[in-house]
Amino acid sequence: MEQAVALLGEVAQELRPMLEQGVWPAELFRFSPKIAKGEKYQGLPYVILDYPRVFGKTDIFAVRTLFWWGHFFSVTLHLRGQYKTQYAPVLMQRLSLLRQYDFYISVGEDEWQHDFSTENYRALTAMEDTAIERILMAGEFCKLSSRIALEQWDQSVVLLTGLLRVVFQSLSD
């Protein structure tokens with residue numbers, strides 16, 4: 001677990017210069033990167049990096065990088081409220097980029113689920129644009145995620161950084 005914390009620390013260091021290149025709402029940078037460990041996501045330990053992150057009562061903009069013991073690494077864009085309203089149309093324009101990097105869209109009702117079961121996520125490559133648009137526009141939240149196999153541990157910093165770059169490119173006008 002300590003290796004996973006160190007690895008996500010490296011990812012956090014890569015994020016700062018990447019974000020400096022874009023034009024983002026100032027409140028996204030009010031908080032520095034946060035790495036937290038947990039013991040019981042579906043009975044297994046995990047480590048998360050949240051950055052940038054705004055968790056309000058109605059508005060959420062979070063990019064979460066997750067290491068889930070025995071499963072995978074993932075990068076998730078989580079939007080709710082004003083951020084969903086602002087960015088959902090932009091995401092629709094970037095579907096081809098997100099599909100190219102094997103992103104999935106949340107189809108579940110619980111926005112705090114991170115496993116890639118069919119109850120929670122569907123591959124963008126397996127969906128029509130109109131179905132994706134309905135999900136992005138209709139729900140209270142939207143989440144887009146991609147994952148990296150644990151077998152790719154040695155390349156994980158580079159791969160996670162690449163997925164994070166895709167997330168930020170998909171949000172840019």
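Buried here means under 20% relative accessible area, exposed over 50%, and partly exposed in between (1.4 Å probe, protein chains only). The model is predicted, so to speak for local features a residue needs pLDDT of at least 70, side-chain atom pairs count only at pLDDT 80 or more, and totals for chains, interfaces and linings use all residues. Residues are numbered from 1 along each chain as its sequence is written, and side-chain values use heavy atoms, with hydrogens and water left out.

Let's start with helix α4, residues 129-138 (helices are DSSP runs of H or I, at least four residues; strands are runs of E, at least two; both are numbered from the N terminus). Its buried residues are Ala131, Ile132 and Leu136. These sit on the same side of α4, because they cover an arc of only 130 degrees around the axis, taken from the directions from the helix axis to the C-beta atoms. Arg134 and Ala138, on the other side, are exposed. The buried set packs against α2 (82-93), α3 (95-100), β5 (104-106) and β7 (141-149), with contact meaning heavy atoms within 4.5 Å.

Now the aromatics. Rings of Phe, Tyr and Trp (its six-membered ring) pair if their centres lie within 6.5 Å; planes under 30 degrees apart are stacked, over 60 edge-to-face, the rest tilted. The whole structure has 11 such pairs, including these two:

| Pair | Centre to centre | Plane angle |
|---|---|---|
| Trp68 and Phe72 | 5.5 Å | 80 degrees |
| Phe72 and Phe116 | 5.2 Å | 90 degrees |

Phe72 in strand β4 and Phe116 in the loop between β5 and β6 are 44 residues apart. Phe72 is buried at 7% relative accessibility, and Phe116 at 11%.
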